[in-house]
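Q: Could you take a close look at one helix of this model, at how its neighbours pack against it, and then set it beside some other places in the chain? I would like the geometry and the contacts explained with care.

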Amino acid sequence: MTQVSFAQHGMWVTERTGAGSAYHMPIVIRFDGSPAPDPAVLATACASVVERHPLLGMAVREHDGVPHLVPATRPPCLETGGSVEEAVRRPFDLENGPLVRFTLVGDTLVVVAHHLVFDGGSKDVLVADLAAFAAGAVPPPLEPLDHAAGQRERVAALLGEARAFWADRWREPGETVLPGGVLRSRRGGPGRLLEFTLDVPGLPGLTRYEVLLAALHALLMSYGNADVVTAIDLSTRTAESEGHVGPFVNELPVFSSPPPDAPFTTFAAGLRAELRSLYTYREVPLARAVAGLKPHAALAPVSVSYRRGPAHGTGSAEGFGQVDRLAFNHAVRGALQLQVLDHAGRSDDTAMPAPGMTASLRYDPGELTDPVGFADDLRAVLAAIAQDPTRPLEMLPTREPVVAWPVPGAEPATAAVEDTVDIGAGADLDDPLAAEIRAIWEEVLKLAPIEPHDDIFELGGHSLTITQIIARMRKRLGVEVDLDDFFDNPTIAGVLQVIRR
């Protein structure tokens, strides 16, 4: 058994809270217009890809509260029939695996991998290898890779600096106001899709991604959000992981307070500087650097994922069908996910004309009520920036923001927090169960003595140590504590009170 990486552990925790197909990563390859491989040849190619990338043939199983990678109970194989949507939506059995499936639906091959073993960059790796094997070629061998072990060493070296970096930056994301509604969700669940194109201007000293992100922050400011936060996906690939599939990605938040009178170029340059500072700690999971961070499917209601791609939204892989790299998984993490495929080529092109971007807007229809309006607003802001990059932010196009008035008679937002702070005050600390809980805490945290009101996060605990404690309490004491309850009541006294309730 191999212990999972930090990214895998975070996904494993939130997957268990119910995320639907939010972590499904589909690739749809259509052969209608190009010769389709013989099904037997395609089945052999799929098996060869799994043999080349053993991570695809794994499952994730808990051992003493710690998830580990183990071989799946059966190897992935090419299936036939059904529909594309069914192949994408069908749940994965994480404990038994496998965590990838190949389904041939007529002339369409649907490859769906779980995010636990896959990321956006892995799509290009898998398609290239699949095309090579289907053509009878053999890709160059890959060196074995233990990504989790290497990541733990790198994160340990950066952890102290990362904690200092986030100490004066992190704040719990609140709601984001949009015309027609308010975005609050950070969970994973069913979503809808809107696809459109974006023309992002090239500006001196800025990448197209930086221009897009700054434009998004400026737009959210114009809606009435003085403080803006968006979560962004960052690649954590190293030279050793090139050519491998895996979850080489980390989600981190970007905060800004856009000054309305600042020229766009000035604001964008400042946001670029913040991004460059953040990149130093791109591999450190936020949950390791920020104490008490609850697990969420998304770090903020609004998130952005950016990748470079071929010359069109779908592209061929050396004649191997038409590949849809933005295939929809029928879900969303958070309230609004903006996935962007840039067709310009190099990400460091700063001032050269280039083709546009394909945007895939995944959203919670219960929160984003006007996705078309949002897309139009973003395009209008980008068009205004292209016309005059020095235009002040307050002069960019916008619609009237929505003011979220408090509901009469509603409790203040801090009431729930206050309720959880004192929950352990009435716990019976002479209860024999308290001593058994304390023994488990001291064993996992390797600290003694731990007092009844010591906060586990102040003792250096995090989500991994908490899942270990929960597992040992379940096994030895026959009690089950929900992860959310543990985060809300992070003391021995608080946990005891939760159990007795």
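A: Contact, or touching, means here that heavy atoms lie within 4.5 Å of each other. In that sense, and leaving aside residues up to four places away in sequence, Gln 8 touches Leu 55, Leu 69, Leu 116 and Pro 247. The model is predicted, and the values below are computed from it.

The helix to examine is α6, which runs over residues 208–222. With its 15 residues, α6 reaches 21 Å from its first C-alpha to its last, close to the 21 Å expected at 1.5 Å a residue. The helix is mostly covered, since 15 of its 15 residues are buried. Just after α6 the backbone at Gly 224 takes a positive phi of about 115°.

What covers this helix can be followed through its packing partners. Two packed helices are described by the angle between their axes and the distance between the axes. For α6 and helix α7, which spans residues 264–279, the angle is about 115° and the axes are 9 Å apart. Angles of 65 to 115 degrees count as roughly perpendicular, and α6 is therefore roughly perpendicular to α7. The crossing of these two helices is right-handed. On the α6 side the contact involves Tyr 209, Glu 210, Val 211, Leu 213, Ala 214, Ala 215, His 217 and Ala 218, which meet Phe 264, Phe 267, Ala 268, Leu 271, Arg 272, Leu 275, Arg 276 and Tyr 279 of α7. By residue class, the contact of α6 with α7 divides into twelve nonpolar, one polar and three charged residues.

A second partner of α6 is helix α9, made of residues 371–387, whose axis comes within 10 Å of the α6 axis and crosses it at roughly 115°. This crossing, too, is right-handed. From α6 the contact takes Val 211, Leu 212, Ala 215, Leu 216 and Leu 219, and from α9 it takes Phe 374, Asp 377, Leu 378, Val 381, Leu 382 and Ile 385. The residues of the contact of α6 with α9 divide into ten nonpolar, no polar and one charged. Val 211 and Ala 215 of α6 are listed in the contact with α7 and also in the contact with α9. An α-helix has 3.6 residues a turn, so residues three or four places apart point the same way.

Another helix pair can be set beside these. Helix α2, residues 39–52, and helix α4, residues 120–134, pack at an angle of about 130°, with their axes 8 Å apart. Their angle makes α2 and α4 oblique to each other, and α2 passes α4 in a right-handed crossing. The α2 residues in this contact are Val 41, Ala 45, Cys 46, Ser 48, Val 49 and Arg 52, while α4 contributes Leu 126, Asp 129, Leu 130, Phe 133 and Ala 134. Here the contact residues divide into eight nonpolar, one polar and two charged.

Some individual residues complete the picture. Gln 8, whose contacts opened this account, is found in helix α1, residues 6–15, and it is buried, with a relative accessible area of 5%. Its C-alpha atom is separated by 9.9 Å from that of Phe 118, although the two residues are 110 residues apart along the chain. His 147 is found in helix α5, residues 147–167, and is likewise buried, at 12%; beyond its neighbours in sequence, His 147 touches Ser 5, Arg 154, Phe 248 and Glu 283.

Further along the chain, Arg 476 is found in helix α12, residues 463–477, and is partly exposed, with a relative accessible area of 46%. Arg 476 touches Ile 440 and Glu 443, and its C-alpha atom is separated by 9.0 Å from that of Glu 436, 40 residues apart along the chain. Thr 491 is found in the loop between α13 and α14, counts as buried at 14% relative accessibility, and touches Trp 441, Pro 452, His 453, Asp 454 and Asp 455.

For the chain as a whole, there are 14 helices and 19 strands, and 56% of the 501 residues count as buried. Among contacts with a separation of 6 or more, 76% come from residues 24 or more positions apart.

Definitions and conventions
Residues are numbered from 1 along each chain as its sequence is written. This is a predicted model: local features need pLDDT of at least 70, side-chain atom pairs count only at pLDDT 80 or more; totals for chains, interfaces and linings use all residues. Side-chain values use heavy atoms; hydrogens and water are left out. Axes are lines fitted to C-alpha atoms, for helices over the stretch in contact, and angles run from 0 to 180 degrees between N-to-C directions. Helices (H or I, at least four residues) and strands (E, at least two) are DSSP runs, numbered from the N terminus. Angles under 35 degrees count as roughly parallel, over 145 as roughly antiparallel, 65 to 115 as roughly perpendicular and the rest as oblique. A crossing is left-handed if the near helix is turned anticlockwise from the far one by less than a right angle, and right-handed if clockwise. Ala, Val, Leu, Ile, Met, Phe, Trp, Tyr, Cys and Pro count as nonpolar, Asp, Glu, Lys and Arg as charged, and the others, Gly among them, as polar. Buried means under 20% relative accessible area, exposed over 50%, partly exposed in between (1.4 Å probe, protein chains only). The expected span of a helix is 1.5 Å times one less than its number of residues.
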